[in-house]
Amino acid sequence: MKSPRRAAVSILRAWSKGHAYAENLIERHASRNDLSSADRALLNAIVLGVLRNLRLLDHWIAELRKGKLDDETRDILRVGLCQLLILQLPDHAAVFETVELGKSGVRGLLNAVMRRAASSKKKLFDLDELPPEVLYSHPDWLYKRWRKSFGKQDAIALMAFNNEPAPVYARLNPLAEAIEIPEPAEGSEPEGLPPGFIRIEGPIPGEWLKKGAIYIQDTATRHCVELLAPQPGEQILDACAAPGGKAFLIAAAQGGASTLTCTDSNEKRLPRLEDNLKRLQCSGATVEVHDWATPAPAKWHAAFDAILLDVPCSNTGVFRRRVDVRWRLRHSDITELTKLQRSIIENALPCLKPGGRLVYSTCSIEAEENQHLITALLGAHPELELVDSRQALPHRDQTDGAYAALLRLR
Ligand SMILES: C[S@@+](CC[C@H](N)C(=O)[O-])C[C@H]1O[C@@H](n2cnc3c(N)ncnc32)[C@H](O)[C@@H]1O
């Protein structure tokens, strides 16, 4: 069995070499090493802490040691300094455990750097002069882009927000037996929580999940389904449906899923969607694999009163939850995604009944994937009208970022 600290270094090595996302690597390593829940929590905190603070940790490493480092030694120091300076674990444990992670040839170096860090915290925390993109560890190109889109102050506020640990919210399931929710402690009740959502403090109650009484999702997920306003008995298509969060909201609004069709291009994601729907007592939905980058089959032409397109996107609205996406995303990905998003809409449009509604939604805060795309679409389709739209900005609304536009076929 590996220690969580050693597992953290292995995960960071694998993460830097491959294309896997951190959350999947953490899950895989925690199961493989049979970690206790406390060790799993520590592993999660270290890996996410390192990835959230990658540039800041490297800034500290450069302050503490001049000269080159091999990749593994750098990752060990990132793990060590994260414990000492980000998670604020006791000095002696952080130093000792970090030295233990190195091979004999580098232990002297690890020991010297960690001791220097422990004794010079005051100087290391003097970060007033540090550029914000280093302080909040975001790539230069994203900071530059957001400064242009939102202005300097908001771009900095957004990066700061992305580095705060995300609270956990759940949507109560109106289709399941009601559960008894403990009163929140005085003063801890979050303000402005939309109806039907609760904030979960501490471990997520397994019993509630098992009974299908809740679905874990951020409050921003409601925007697109509120705009869609599903009515009982309407034929509804959720075209990019896996793992089923919005499908659940649609079924909840309709009072069941018997007139809901869920599709996704990724066949491997469908079993989880089906499990979720079953657990949430939304059985009865039609579930099929379909790639909406290709034309729709004739059976779906003019078949739906309303369509939700919760398309694949850059995820720039959810960086506080998916902390490593900022390091994976390239500018060219956004251009490619907009082409896919547009083609998904074009192929779904013939499936609307006359007068039907279509909601396009993303968890991106990039205008190219949102407002610009809808403007271009409306220019090419005079038969469509924009009825309403919403944009949630993380630093402004204190939720995940999300965009939703409601279009109607005239
Ligand atoms: C943002 S996620 C959807 C989340 C889901 N609506 C929910 O609330 O749980 C986007 C989904 O689109 C799917 N997808 C990507 N490209 C697609 C395509 N060309 N056609 C259909 N689905 C696609 C992905 O597999 C992914 O499951």
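I'll start with one pair of residues: R171 stands opposite Y215 in β3. The model on the screen is a predicted one, so please keep that in mind throughout.

R171 belongs to strand β1, residues 168-172. β1 and β3 pair in the antiparallel sense, over 3 bridges. On the other side, 4 bridges join β1 to β2, and these two strands also run antiparallel. Two residue pairs show where β1 and β2 meet. Y169 stands opposite R199 in β2, and A170 stands opposite I198 in β2. For those new to sheets, strands pair through backbone hydrogen bonds, either parallel or antiparallel.

What is the order of the 3 strands in this open sheet? The order is β2-β1-β3. β2, residues 197-200, and β3, residues 214-216, stand at the edges with a single partner strand each, so one side of each has no neighbour in the sheet. From one strand to the next, the twist averages 35°.

Next, two helices. Helix α3 covers residues 37-52, which is 16 residues. At 1.5 Å a residue it should span 22 Å, and its end C-alpha atoms are indeed 22 Å apart. Which residues of α3 are buried? They are L42, L43, I46, V47, L48, G49, V50, L51 and R52. An α-helix has 3.6 residues a turn, so residues three or four places apart point the same way. The cover over the buried residues of α3 includes helices α1, α2, α4, α5, α11 and α16. Of these, α1 is residues 4-17 and α16 is residues 325-328.

Helix α17 is residues 331-348, 18 residues in total. From first C-alpha to last it reaches 27 Å, close to the 26 Å expected. Its buried residues are I334, L337, T338, Q341, I344, I345, N347 and A348. These pack against α10, β7, β8 and α18. Here, then, the buried residues pack against both helices and strands.

Now the annotation. UniProt, in an unreviewed entry, places the feature "domain: SAM-dependent MTase RsmB/NOP-type" at residues 212-410. In the model, that span is 32% helix and 25% strand. Its end C-alpha atoms lie 39 Å apart.

The same record lists C363 under "active site", again as an unreviewed entry. Where does C363 sit? C363 is in the loop between β8, residues 352-362, and α18, residues 371-380. Is C363 buried or exposed? Neither quite fits: at 23% relative accessibility C363 counts as partly exposed, because buried means under 20%. Leaving out residues up to four places away in sequence, C363 touches C313, N315, T316, G317, V318, G401 and A402.

One of those contacts is another cysteine, C313. C313 is buried, at 11% relative accessibility. A disulfide is a covalent bond between the sulfur atoms of two cysteines. How many disulfides are there in this model? The count comes to 0. For C313, the nearest cysteine sulfur is that of C363, 3.5 Å away. The cut-off for a disulfide is 2.5 Å, so this pair is not counted as one. As for C82, its relative accessible area is 0%, so C82 is buried.

To finish, back to the two cysteines. C363 is partly exposed, whereas C313 is buried, and C363 touches C313. That is all from me.

Key:
Residues numbered from 1 in each chain as written. Predicted model: local features only at pLDDT ≥ 70, side-chain atom pairs only at ≥ 80, totals over all residues. Heavy atoms only, no water. Expected span 1.5 Å × (residues − 1). Buried < 20%, exposed > 50% of the residue type's maximum accessible area, 1.4 Å probe, protein only. Contact = heavy atoms within 4.5 Å. UniProt positions renumbered as here; feature names shortened; annotations may be inferred. Pairing = 2+ DSSP bridges. Axes fitted to C-alpha atoms, helices over the stretch in contact; angles between N-to-C directions.
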